[in-house]
Amino acid sequence: MAKEKKGIRLEHVSKIYKDPKTKKDFYAVKDVSVEIEPGSFVTLLGPSGCGKTTTLRMIAGFESPDEGSIFLGGERIDELTPNKRDTAMVFQSYALLPHYNIFDNVAYGLKIRKVPKEEIRKKVIDILELVGLSGMETRMTNQLSGGQQQRVALARALVIEPGVLLFDEPLSNLDAKLRVSMRTEIRRIQQEAGITAIYVTHDQSEAMSISDQIIIMKSGVISQMGTPQDIYYHPVNEFVADFIGDANFLKGKVVSHAGETGTMEINGNHVEVSGCGHVSGGSEATLVLRPESIHLEDAGNIPCDVALSCFMGAYQNYHVMVGDTKVAITDYNPRGKKIYQVGDKAFISFKPETAHVLQASE
């Protein structure tokens with residue numbers, strides 16, 4: 001696809017709905033400003049009702065913003081109808097035409113655009129090869145598996161060569177194993193086509209595995225935008241840390257720090273942490289620890305009591321109590337290591353650079 005890559009820019013975009021029960025207006029999306037780079041794969045992630053689908057539908061043109069502006073490339077598009085925008089949507093339900101075969105489903109958008117017949121044939125054959133459906137042009141859509149239907153829907157969107165490809169939870173109707181393989185395929189096809197993609201999901205592992213950037217939303221606003229690594233290792237608040245992967249939270253205070261390295265007091269015990277330069281000495285803070293970053297040892301700075309010890313093959317799963325706080329630990333490759341049992345007393349251990357410190361107000 002040699003077409004110029006286009007990005008998306010939202011400037012102070014809001015969408016207001018009326019609550020059917022209270023009859024009061026509320027913001028489904030509030031003052032969202034974001035820039036999506038051309039050719040990137042960006043995922044809108046968050047719980048139900050966070051505003052991610054409404055944001056996608058405003059970009060597609062199925063909803064109109066009540067405030068703000070939307071730009072595709074250098075063109076303002078928030079007042080254009082969906083068919084006038086250089087976008088294409090892959091729906092959760094696939095929305096295939098049941099009485100058409102694969103070829104005619106994929107060719108539908110080109111026919112509407114009155115593309116010459118020979119050009120349509122070449123484009124459809126090329127795109128079916130890209131999505132792995134070569135030789136299946138005459139098969140009816142009701143003869144296809146869920147994964148094949150999803151590929152047809154993707155091919156139909158891609159064949160019109162949109163500036164931006166939009167995905168509305170396209171894998172939610174597939175079984176778990178097929179979802180994993182199809183998300184890999186979607187990412188491969190997006191990279192091969194070089195197209196800008198905006199993807200909506202509530203599945204954090206899906207978002208982590210396919211995205212260049214993730215936008216986490218809550219209550220209509222953006223909580224954080226960054227690479228999967230940024231968001232996983234440097235969440236801006238407890239909501240983000242808890243939503244993207246598993247996280248433990250230990251309350252305490254920063255006793256002192258020099259630059260990014262400092263000391264936290266947790267349950268009266270002092271422990272070295274890094275990444276706390278933004279927290280002033282003496283301030284209340286929360287220590288964020290991922291389960292895989294913690295180990296149990298016979299001696300250390302933070303004592304704990306083992307409440308659960310479960311062998312899971314690739315890892316030993318522990319729950320320990322640090323004071324009144326439960327801490328989950330995923331200890332990979334347990335073979336040959338000391339296995340702690342329920343009731344044992346131990347100490348949690350972690351490298352300072354694997355911890356992340358949040359100021360209490362965050």
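Is tyrosine 17 buried, partly exposed or exposed? In this predicted model, tyrosine 17 has a relative accessible area of 27%, so the residue counts as partly exposed, given that buried means under 20% and exposed means over 50%. Tyrosine 17 is a useful place to begin, and its surroundings can be followed in two directions.

One direction leads to glutamate 63, whose side chain is joined to the side chain of tyrosine 17 by a polar contact of 3.2 Å. Glutamate 63 is found in the loop between α1 (52-60) and β4 (67-72), and because its relative accessibility is 19%, glutamate 63 counts as buried. When residues up to four places away in sequence are not counted, glutamate 63 touches Lys15, Tyr17, Arg57 and Met58.

The other direction leads to aromatic rings, of which the structure holds ten pairs. In one of these pairs, the ring centres of tyrosine 17 and phenylalanine 26 lie 6.2 Å apart while the ring planes meet at 50°, so the pair is described as tilted. Phenylalanine 26, with 37% relative accessibility, counts as partly exposed. Another pair is made by phenylalanine 41 and tyrosine 199, with ring centres 5.6 Å apart and planes at 40°, so this pair is tilted. Here the partners come from distant parts of the chain, since phenylalanine 41 belongs to strand β3 (residues 41-45) and tyrosine 199 to strand β8 (residues 196-201), 158 residues apart. Phenylalanine 41 counts as buried at 0% relative accessibility, and tyrosine 199 is buried with a relative accessible area of 0%. Phe41 and Tyr199, together with Phe167, form one aromatic cluster.

Rings can also be viewed together with charged residues. Arginine 9 lies over the face of phenylalanine 71, at 4.2 Å from the ring centre, and lysine 30 lies over the face of tyrosine 27, at 5.1 Å from the ring centre.

From the rings we can turn to the nonpolar cores. The largest nonpolar core has 39 residues, and those with the most contacts inside it are Val106, Val124, Leu154, Leu158 and Leu165. At least two residues of this core are supplied by each of β6 (87-90), α2 (102-112), α3 (117-130), α4 (146-159), β7 (164-168), α5 (176-193) and β8, and the largest share, seven residues, comes from α4. Valine 106 touches Val124, Ile127, Leu128, Val152, Ala155, Arg156 and Val159, again not counting residues up to four places away in sequence. Apart from the largest core lies another core, of 27 residues, among them Val254, Leu296, Ile329 and Ala355.

How values were computed:
Residues are numbered from 1 along each chain as its sequence is written. This is a predicted model: local features need pLDDT of at least 70, side-chain atom pairs count only at pLDDT 80 or more; totals for chains, interfaces and linings use all residues. Side-chain values use heavy atoms; hydrogens and water are left out. Helices (H or I, at least four residues) and strands (E, at least two) are DSSP runs, numbered from the N terminus. Buried means under 20% relative accessible area, exposed over 50%, partly exposed in between (1.4 Å probe, protein chains only). A polar contact is a pair of N or O atoms within 3.5 Å; within protein, one must be able to donate a hydrogen and the other to accept it, and residues adjacent in sequence count only if both atoms are side-chain atoms. Contact means heavy atoms within 4.5 Å. Rings of Phe, Tyr and Trp (its six-membered ring) pair if their centres lie within 6.5 Å; planes under 30 degrees apart count as stacked, over 60 as edge-to-face and the rest as tilted. A charge sits over a ring if NZ of Lys or CZ of Arg is within 6 Å of the ring centre and within 35 degrees of the ring normal. A nonpolar core is a set of buried Ala, Val, Leu, Ile, Met, Phe, Trp, Tyr and Cys residues joined through side-chain atoms within 4.5 Å.
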